[in-house]
Amino acid sequence: MPSLKDIKTQINSVGSTKKITSAMKMVAASKLRRSQEKAEAARPYSSRLEEMLASLASSASSGEGIIKLLTGTGNDQNYIVLPVSADRGLCGGFNSSINRETFKLVKSLKSDGKNVQIMPVGKKSRDFFNRVMKDQITESFVDLNISNTGYESALKVSNKLQELYFEGKFDKCILVFNKFKSAISQEVTQQQLIPLDISDSSKEENVDDSAAKAIYDYEPDEETILKDLLPKNVSIQIFKVLLESDAGEHGARMAAMDNATRNAGEMIDSLTLKYNRTRQAFITKELIEIISGAESI
Amino acid sequence: MATISFDLVSPENLIFNDEVGMIIVPGKDGDFGVLPGHSKVMSSLRPGRVMVYGEDKNLLKAFFVSGGFAEVNPEKCIVLAESVDEINTIEKPSIEKEIEELSGQETDAAKEQLAIAKAKIVALDSSFYEKI
């Protein structure tokens with residue numbers, strides 16, 4: 001049976017853990033608010049860019065050069081996968097779900113006979129893939145610190161990606177990231193970044209007024225605009241994903257730390273109960289000893 | 001008088017969103033003014049000034065954009081800019097310093113930055129469109 005002192009030490013250490021987790025929860029909550037605002041502020045740009053692209057894309061045919069970002073290389077042999085994780089842990093299943101999903105994706109692509117490269121974004125996924133699939137990592141990005149550096153760091157990722165694409169290193173690029181649904185829930189999502197996948201929402205809207213959209217004047221001309229717009233779209237999509245993942249990270253950490261704080265509280269309660277019981281047992285034992293001592297005289 | 005809805009967005013932010021009387025946009029091939037009922041145009045932009053006017057053609061705001069795109073239809077004008085500064089927040093000395101630092105460099109990125117910085121100076125100095 002543990003002594004009273006042992007239990008007391010345990011209570012104290014759980015108590016200080018509780019303090020830490022509840023402080024981390026507060027920090028995450030305030031960071032969450034900020035990064036959520038940023039993610040929302042970025043939304044108008046990307047949605048409008050998508051609209052513009054959707055109306056342009058209908059007129060684009062396959063071609064060489066930058067247009068390949070839209071039409072693809074015509075191959076689908078080489079894949080590159082970008083798992084977007086956080087740089088830091090202690091945020092529940094946030095990072096491990098990304099790693100698991102990416103791992104599954106890579107496995108299934110490989111079993112279809114494709115070549116897969118991995119380009120982890122964030123320390124946690126880099127460390128994971130360094131352990132399990134070291135030979136397939138082409139490049140990794142850590143410490144992007146998106147909430148402070150903003151668009152610049154998204155540009156870094158996107159420039160590298162486009163450089164590799166035009167060298168013909170891969171045909172398709174897939175992002176795996178945590179989509180920010182609400183402060184307490186994130187959803188692991190896969191998004192095809194290159195070639196551009198316009199089959200989602202923007203295209204449906206486009207069907208209704210495609211006749212109206214077709215009569216735009218283009219200045220200087222359609223192709224030049226498309227050439228500017230496509231690389232930008234890649235950067236913006238990455239930027240959006242990084243922001244969402246950042247907001248999701250803080251949300252996940254907040255939830256995880258909230259749980260940890262609650263668990264610590266419960267643990268303290270049960271330890272206190274044990275402490276009191278043990279103390280009572282000692283007192284009773286001592287009483288019995290005194291009484292039986294007195295009786296024997 | 002009729003108004004046109006104008007959005008100025010940068011990747012980080014929605015900077016301006018209101019009903020205005022007229023906008024002058026620095027298109028790649030030259031500045032163009034957008035009035036309510038303008039025909040549909042999609043244009044890429046060069047570094048320059050975006051001027052926003054109220055209903056009675058008084059200048060409301062002047063921005064510097066470093067490039068981007070504009071989409072215009074009869075009811076709405078959207079400018080997607082890469083980076084946006086309000087003209088009166090730009091400090092000339094710091095830009096001149098930037099130009100000095102950049103002028104020696106040979107990389108493409110530096111040259112691009114230099115062009116933008118030079119365009120900023122031009123934008124600061126020019127007084128076109130301030131009164132119409």
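This passage describes the fold of chain B, the largest nonpolar core and one exposed helix residue of chain A. The model is predicted, with local features requiring pLDDT of at least 70 and side-chain atom pairs pLDDT 80 or more, whereas totals for chains, interfaces and linings use all residues. Residues are numbered from 1 along each chain as its sequence is written, with chains lettered from A and ligands numbered from 1 in the order in which they are written.

Chain B contains two helices and 10 strands (DSSP runs of H or I, at least four residues, and of E, at least two, numbered from the N terminus). Along the sequence they follow the pattern β-β-β-β-β-β-β-β-β-β-α-α. The C-alpha atoms of chain B fill a box of roughly 50 × 25 × 25 Å along the principal axes. Of its 132 residues, 35% count as buried (20 or more other C-beta atoms within 10 Å of the residue's own; exposed means 12 or fewer, partly exposed in between, with C-beta atoms placed from the backbone).

Turning to the interior, the largest nonpolar core has 96 residues (buried Ala, Val, Leu, Ile, Met, Phe, Trp, Tyr and Cys joined through C-beta atoms within 7 Å). Helix H9 of chain A, residues 222–296, gives the most to this core, with 17 residues. B:Ile23 and B:Val79 have the most contacts inside the core (C-beta atoms, placed from the backbone, within 7 Å). Leaving aside residues up to four places away in sequence, B:Ile23 touches B:Phe6, B:Val34, B:Val50, B:Met51, B:Val52 and B:Cys77.

Helix H9 of chain A also holds A:Ser296, which counts as exposed because it has 6 C-beta neighbours inside 10 Å. The C-alpha atoms of A:Ser296 and A:Glu50 are separated by 94 Å.

Conventions. Two residues are in contact if their C-beta atoms, placed from the backbone, lie within 7 Å.
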